[in-house]
Amino acid sequence: MEKKARVDVPDYSNTVIRLSMPVLHDGIEIQELAFHWGGLTGKDALNIESEVNTRRKVVNNPAFSVEYLIGMAVRASEPAVDRDFFLRMPLSDFNRVRGAARDFLLYSDFLWETPEDGSENNA
């Protein structure tokens, strides 16, 4: 049987977010962050989960754990910033960063499964 084409979905592997107001980091006002989600590795995932656990938090589902998503943002951000940077930004910007990380996780899962996939015989 011929495999059907994958459904086209947006590319969420890179995101640029312009902040609503600059945030100070190491004496520099940062107004824009680029995130290279596609460069994260399995090792990053394990390290993020381990760091979250040290803060006595549990990651049940990375796509819905704010701690995990911000851990991703720390590793994927350009310029490089730390976790405290995200804690100082306005909530609206924080939510946009969190949403971008979540979009990447959800859509990267979607790339591997489409409604057309599945067995010929569902019995």
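Biologist: Let's start in helix α4. What kind of contact do the side chains of arginine 96 and aspartate 93 make?

Modeller: A salt bridge, with N and O 3.0 Å apart. One caution before we go on: this is a predicted model. The general idea is that side chains of opposite charge can pair when their charged atoms come close. In this case, arginine 96 and aspartate 93 both sit in helix α4, 3 residues apart, which is about one turn of the helix.

Biologist: Are these two residues buried or exposed?

Modeller: They split. Aspartate 93 counts as buried because its relative accessibility is 0%. Arginine 96 is partly exposed, at 39%.

Biologist: How many salt bridges are there in the structure?

Modeller: There are 5. Take glutamate 51 and arginine 75, whose side chains meet with N and O 2.6 Å apart. Glutamate 51 is in helix α1 (residues 42-54) and arginine 75 is in helix α2, so this salt bridge ties together parts that are 24 residues apart in sequence. Glutamate 51 is partly exposed at 35% relative accessible area, and arginine 75 is partly exposed at 27%.

Biologist: Which residues are linked with that pair in a network?

Modeller: Asp44, Glu51 and Arg75 are linked in a network of salt bridges.

Biologist: And what does glutamate 67 pair with?

Modeller: Arginine 55, again through a salt bridge, and the closest N and O atoms are 3.0 Å apart. Here glutamate 67 belongs to helix α2 and arginine 55 to the loop between α1 and α2, 12 residues apart, so the pair links distant parts of the chain. Arginine 55 counts as partly exposed, with 30% relative accessibility.

Biologist: Now rings. How many aromatic pairs does a search of the whole structure find?

Modeller: It finds 4. To read one, look at the distance between ring centres and the angle between the planes; planes under 30 degrees apart count as stacked, and over 60 as edge-to-face. Tyrosine 12 and tyrosine 107 are a stacked pair, 4.6 Å centre to centre with 20° between the planes. They link distant parts of the chain: tyrosine 12 is in the segment before β1 and tyrosine 107 in helix α4, 95 residues apart. Tyrosine 12 is partly exposed at 23% relative accessibility, and tyrosine 107 is partly exposed too, at 31%.

Biologist: What about phenylalanine 85 and phenylalanine 86: why is that pair edge-to-face?

Modeller: Because their planes are at 90°, with the ring centres 5.6 Å apart. Phenylalanine 85 is buried, with a relative accessible area of 0%, and phenylalanine 86 is buried at 0% as well. Phe85 and Phe86 also form one aromatic cluster with Phe35 and Trp37.

Biologist: Which residues does alanine 73 touch, leaving out those up to four places away in sequence?

Modeller: Phe35, Trp37, Phe86 and Val97. Alanine 73 lies in helix α2 (residues 66-76), and its 0% relative accessibility is why it counts as buried. You can also compare sequence and space: alanine 73 and leucine 33 are 40 residues apart in sequence, and their C-alpha atoms are 9.7 Å apart.

Biologist: Back to the surface. Which residues form a nonpolar patch there?

Modeller: Phe64, Leu106 and Tyr107, with about 280 Å² of accessible area together. So tyrosine 107 takes part in the patch and, because its relative accessibility is 31%, counts as partly exposed.

Biologist: Last topic, the backbone. Which residues other than glycine have a positive phi?

Modeller: The general idea is that most residues other than glycine have a negative phi, and most peptide bonds are trans. Two cases to look at here are aspartate 26, with phi near 50°, and arginine 56, with phi of about 60°. Aspartate 26 is in the loop between β1 (14-25) and β2 (28-36), and it is exposed, with a relative accessible area of 69%. Arginine 56 is in the loop between α1 and α2, and it counts as exposed at 80% relative accessibility.

Biologist: Where is there a cis peptide bond?

Modeller: Between glutamate 78 and proline 79, where omega is about 0°. Proline 79 sits in the loop between β3 (77-78) and α3 (83-88).

Terms used: Residues numbered from 1 in each chain as written. Predicted model: local features only at pLDDT ≥ 70, side-chain atom pairs only at ≥ 80, totals over all residues. Heavy atoms only, no water. Patch = residues over 30% accessible without salt bridge, like charges linked within 9 Å, V, L, I, M, F, W, Y side chains within 5 Å. Areas by Shrake-Rupley, 256 points an atom, 1.4 Å probe, with all protein chains shown as cover. Salt bridge = Lys/Arg side-chain N within 4 Å of Asp/Glu carboxyl O. Buried < 20%, exposed > 50% of the residue type's maximum accessible area, 1.4 Å probe, protein only. Helix = DSSP H or I, 4+ residues; strand = E, 2+ residues; numbered from the N terminus. Contact = heavy atoms within 4.5 Å. Phe/Tyr/Trp six-rings, centres within 6.5 Å; stacked < 30°, edge-to-face > 60°.
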